[in-house]
Amino acid sequence: MKFIGIIPARYASTRFPAKPLAMLGGRTVIERVYRNVENEVDDIVVATDDVRIAQAVEAFGGNVVMTRTDHRSGTDRCFEAYVKTMADETASADTVVINIQGDEPFIHPQQIAAIRQCFADPTTDIATLVKPFTPADGFAALQNPNTPKVVVNGRDEAMYFSRSVIPYLRGVEAGDEWLSKHTYYKHIGLYAYRAKVLAEITQLPPSALELAESLEQLRWLQNGYRIKVGYTDIETIGIDTPADLQRAEAFLAASC
């Protein structure tokens, strides 16, 4: 089985333009992502729509491919990059594409290993990662709509993703006690897809559940695809805003 890492990275983020090029501990965010995972996959490429990001990747010796500016999601950008760079040479292989978020500078090699392990099950079409909430996280973190929650079945497959707190604990007053009464999982936005499945899901129109929650993975579930879940206890910090970058600087300083 061949694992291909693709890092979608666009320049025009609404909340933080040019964030892949933001400096974090002396390196750009996109270089930190690339370096953290390059040894865990068979091939790796950054998929971008902006020449400034492409030049930055080439400057540190990374692989890069230019993609269209009008993609609806990172998944669509990943598929274009796969078709442009690797589809021909891997067409006959059992190939998995790993979509690695370009704004996750603390992505850990063990997390790539965990998502790869999901494909030891030959029935896995798509895989992602979750991390258990702990009582130390607090109820405010559980309630945060920017942190999607996941309900997992007994086969380690995602049943549903939501920005709301799921499940609701009936008979227990909402608050920190919920975290001690039930194990909640937060979604880590790392995806992997068999190449054939990636081609299929990029042809699907947005679904009602996806539009309701603004979570593209609900489109796949609503169309009958199964999403295998891997587990991690490693904390990461995504860079969505300049304030997140400040938090990341503090996190990096504390971990050194």
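Which residues have the most contacts inside the largest nonpolar core? In this predicted model, they are I6, I126, F161, Y193, I201 and W220. The core holds 31 residues. Helix α8, residues 195-201, supplies its largest share, 4 residues. A second, separate core has 27 residues, including V37, V96, I112 and I115.

Take W220 from the largest core. Beyond its neighbours within four places in sequence, W220 is in contact with T75, I126, Y191, Y193, I201, Y225 and I227. Among these partners, I126, Y193 and I201 also belong to the core residues with the most contacts.

Now move to T232. This residue sits in the loop between β11 (227-231) and α11 (242-255). Is T232 buried or exposed? T232 counts as buried because its relative accessibility is 7%, and the cut-off for buried is under 20%. A polar atom of the T232 side chain lies 3.1 Å from the backbone nitrogen of I234. Leaving out residues up to four places away in sequence, T232 touches Q111, L129, V130, K131, P132 and I188.

Next, the empty space. The structure has 2 cavities of 30 Å³ or more. The largest encloses about 50 Å³. Its lining consists of D121, T123, T124, D125, I126, E157, R226, I227 and K228. By class, that is 5 charged, 2 polar and 2 nonpolar residues. I126 and I227 on this lining are also contacts of W220.

The second largest cavity holds about 40 Å³. I100, Q101, E104, I107, I188, G189, L190 and T236 line this space. Here the classes are 4 nonpolar, 3 polar and 1 charged. I188 in this lining is also one of the residues that T232 touches.

Technical notes:
Residues are numbered from 1 along each chain as its sequence is written. This is a predicted model: local features need pLDDT of at least 70, side-chain atom pairs count only at pLDDT 80 or more; totals for chains, interfaces and linings use all residues. Side-chain values use heavy atoms; hydrogens and water are left out. A nonpolar core is a set of buried Ala, Val, Leu, Ile, Met, Phe, Trp, Tyr and Cys residues joined through side-chain atoms within 4.5 Å. Buried means under 20% relative accessible area, exposed over 50%, partly exposed in between (1.4 Å probe, protein chains only). Helices (H or I, at least four residues) and strands (E, at least two) are DSSP runs, numbered from the N terminus. Contact means heavy atoms within 4.5 Å. A polar contact is a pair of N or O atoms within 3.5 Å; within protein, one must be able to donate a hydrogen and the other to accept it, and residues adjacent in sequence count only if both atoms are side-chain atoms. On a 1 Å grid over the protein atoms alone, a cavity is a set of points where a 1.4 Å probe fits but cannot get out, and a pocket is an open set with protein on both sides within 12 Å along at least five of seven lines; lining residues have an atom within 4 Å of a point. Grid points are joined across faces, edges and corners, and a volume is the space filled by probe spheres set on the points. Ala, Val, Leu, Ile, Met, Phe, Trp, Tyr, Cys and Pro count as nonpolar, Asp, Glu, Lys and Arg as charged, and the others, Gly among them, as polar.
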